[in-house]
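Colleague: I have a model on the screen and would like your help with a close look at its side-chain contacts. Please start with one ring and work outwards from there.

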Amino acid sequence: DGTKEFLLALKRKRPENISLFFSPVNRGVSWGYNSLLERIPQDQDMVLMNNDISVADPHWICMLRACAYDDKETAMVGAKLVYPAPFGVIQTAGTFIWPALQRVPVSIGMGEPCWSHSECRFVAQTSFPCLFVKGEVIPEFRFDPRFVTPFWEDTDLAMKFTLKMGRKSRHCGKVVAYHYQSASTKQESVRSRATAFLDSNGRRFMQKWGALLTDETCARINQP
């Protein structure tokens, strides 16, 4: 999709600020994340950002960090994801787990005006495409390699932190990140595979967490 060429061109422009790591073999999305995470010093904060994200505010990292360190139990903070023009509405302002829909994550604020949901608050899962992670949790911030293809790997990791480690996720609505969603899946053949990935990983997620996501647990993590 041109990502490699774009990154190489960016590296030539700013060689002192950018390090590139390419894998000769595609071993899946979780392996790709984890191989990079292993290179990050364990005492340093991290920002995880998709290649289809654009943020206009030059202070956005400082804003995410301030929201993260405002609470000692917070592990990660995500930005408010907004569809770019001509839509200009919210894609997600965090998610909650809805028991009535078979314990699936439901986006907060989807379709609402981009200026809404501008507060900083706790959520069951925050937005991973533009994510600040505290350095103290980097050693545990690893994706399950069983999620080889995209979708649900982020929800799985969020549940690990919430249900197993007792850590929290926050939404920072002051940071608006424009998400050019599925920029790499424009072809219909790729889109059909993406739908299959979504279904198969959803089943994998429920096999792993479904028994733990009782009505009581969902209520607790939805309103931490």
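Over the ring of which residue does the charged end of K4 sit, and how far is it from the ring centre?

Modeller: Happy to help! The charged end of K4 sits over the ring of F22, at 5.1 Å from the ring centre. That wording applies if NZ of Lys or CZ of Arg is within 6 Å of the ring centre and within 35 degrees of the ring normal. K134 does likewise with Y69, its charged end being 4.9 Å from the centre of that ring.

Before going on, please keep in mind that this is a predicted model, where local features need pLDDT of at least 70 and side-chain atom pairs count only at pLDDT 80 or more, while totals for chains, interfaces and linings use all residues. Residues are numbered from 1 along each chain as its sequence is written, and side-chain values use heavy atoms, leaving out hydrogens and water.

From that ring we can move to rings that meet each other. There are seven aromatic pairs in the structure (Phe, Tyr or Trp rings, the six-membered one for Trp, with centres within 6.5 Å; planes under 30 degrees apart are stacked, over 60 edge-to-face, the rest tilted). One of them joins F128 and F141, which are stacked with 6.1 Å between centres and 15 degrees between planes. F128 sits in the loop between β7 (120-123) and β8 (130-133), and F141 in the loop between β8 and α4 (153-164), so this pair ties together parts that are 13 residues apart in sequence. Helices here are DSSP runs (H or I, at least four residues), as are strands (E, at least two), numbered from the N terminus.

F128 counts as buried because its relative accessibility is 6%, and F141 counts as buried at 0% (buried is under 20% relative accessible area, exposed over 50%, partly exposed in between, with a 1.4 Å probe and protein chains only). F128 also pairs with F143, this time edge-to-face: 6.2 Å from centre to centre, with 75 degrees between the planes. Here too distant parts of the chain are linked, since F143 is in the loop between β8 and α4, 15 residues from F128. F143 is buried, like F128. Taken further, ring pairs join Y33, F128, F141, F143 and F161 into a cluster.

Two of these rings turn up again in the largest nonpolar core (buried Ala, Val, Leu, Ile, Met, Phe, Trp, Tyr and Cys residues joined through side-chain atoms within 4.5 Å). It has 26 residues, and those touching the most other members are M46, M76, F128, V133, F141, M159 and L213. At least two residues each come from β1, β3 (74-82), β8, α4, α5 and α6 (215-222). The biggest giver is α4, with four residues.

The loop between β8 and α4 also holds D144, which brings us to charges. Its side chain meets that of K208 in a salt bridge, 2.8 Å from N to O (a salt bridge is a Lys or Arg side-chain nitrogen within 4 Å of an Asp or Glu carboxyl oxygen). This pair spans 64 residues, with K208 in helix α5 (residues 188-209). D144 is buried at 10% relative accessibility, whereas K208 is partly exposed at 32%. K208 forms another salt bridge with D156, at 2.9 Å from N to O. That one runs from helix α4 to helix α5, across 52 residues. D156 is buried, with a relative accessible area of 3%. Together, D144, R146, D156 and K208 make up a network of salt bridges, and the whole structure has eight salt bridges.

To finish, stay in that loop for its backbone. F151 lies there and has a positive phi near 90 degrees, though it is not a glycine. W152 is in the loop between β8 and α4 as well, with a positive phi of about 75 degrees. F151 is partly exposed at 35% relative accessible area, while W152 is buried at 14%.
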